[in-house]
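Dear colleague,

Please find the structure below, with its sequence. A short account of what was found in it follows.

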Amino acid sequence: MSIREVKAFFAARGMEDRVLEFDTSSATVELAAQTVGVIPARIAKTLSFMTPDGPLLVVTAGDAKIDNHKFKETFGCKAKMLTPEEAVELIGHAVGGVCPFAVKAGVKTCLDHSLRRFSTVFPACGSSNSAIELTCEELYALSGALAWVDVCKGWQENEQ
């Protein structure tokens with residue numbers, strides 16, 4: 001899976017013209033924020049974990065960090081991030097372009113409340129030089145998210 005599959009995903013929804021591709025890397029929150037021209041918190045980073053129920057994506061604000069205690073309370077297991085190789089194999093996207101769109105079957109997605117303070121956010125689109133601007137409602141619907149969760153820390157002091 002890659003930007004090609006994500007573009008096809010958005011094309012099927014009449015949204016392909018909203019996918020942004022850049023000449024420079026947007027593989028980290030900082031690079032993506034510089035490239036898109038927004039504060040880092042508005043970058044919707046997608047973190048991949050392994051749970052007893054299989055792979056899980058948690059999409060958070062760029063300035064949020066996983067709170068291990070909240071994660072365990074919410075998902076019933078320790079937060080164990082996938083390796084870069086596991087991300088490609090189990091999610092279908094390489095680290096730096098992991099997103100909740102056009103993922104492999106069985107991948108579950110949740111969105112963290114840290115995103116909700118913004119009218120729009122910028123998740124990646126399957127490559128290390130892509131993004132799309134979405135409202136939180138669009139992100140929730142398009143990602144097939146199971147729920148909004150509260151599993152992060154560190155962002156409240158930046159709340160706007």
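**Strand E3 and its neighbours**

Strand E3 and strand E6, the latter covering residues 108–112, pair in the parallel sense, with four bridges between them. Within this pairing, Val58 stands opposite Cys110 in E6. Please keep in mind that this is a predicted model.

On the E2 side, the direction changes: E2 (residues 43–51) and E3 run antiparallel, and eight bridges join them. One facing pair here consists of Thr46 and Val59 in E3. The link between E2 and E3 is a hairpin of two residues.

How many of the residues of strand E3 are buried? Eight of its eight residues are, and the strand, which spans residues 54–61, is therefore described as mostly covered, given that buried means under 20% relative accessible area.

**The cysteines**

The structure holds zero disulfides. Cys77 takes part in none, and the nearest cysteine sulfur, which belongs to Cys110, is 11 Å away. Because a disulfide requires two cysteine sulfur atoms within 2.5 Å, that distance of 11 Å does not qualify. Cys110 is likewise in no disulfide, its nearest cysteine sulfur being that of Cys77.

Are these two residues buried or exposed? Cys77 has 10% relative accessibility and so counts as buried. Cys110, the residue opposite Val58, counts as buried because its relative accessibility is 4%.

Yours sincerely,
A colleague

Conventions:
Residues are numbered from 1 along each chain as its sequence is written. This is a predicted model: local features need pLDDT of at least 70, side-chain atom pairs count only at pLDDT 80 or more; totals for chains, interfaces and linings use all residues. Side-chain values use heavy atoms; hydrogens and water are left out. Buried means under 20% relative accessible area, exposed over 50%, partly exposed in between (1.4 Å probe, protein chains only). Two strands pair if DSSP finds at least two bridges between them.
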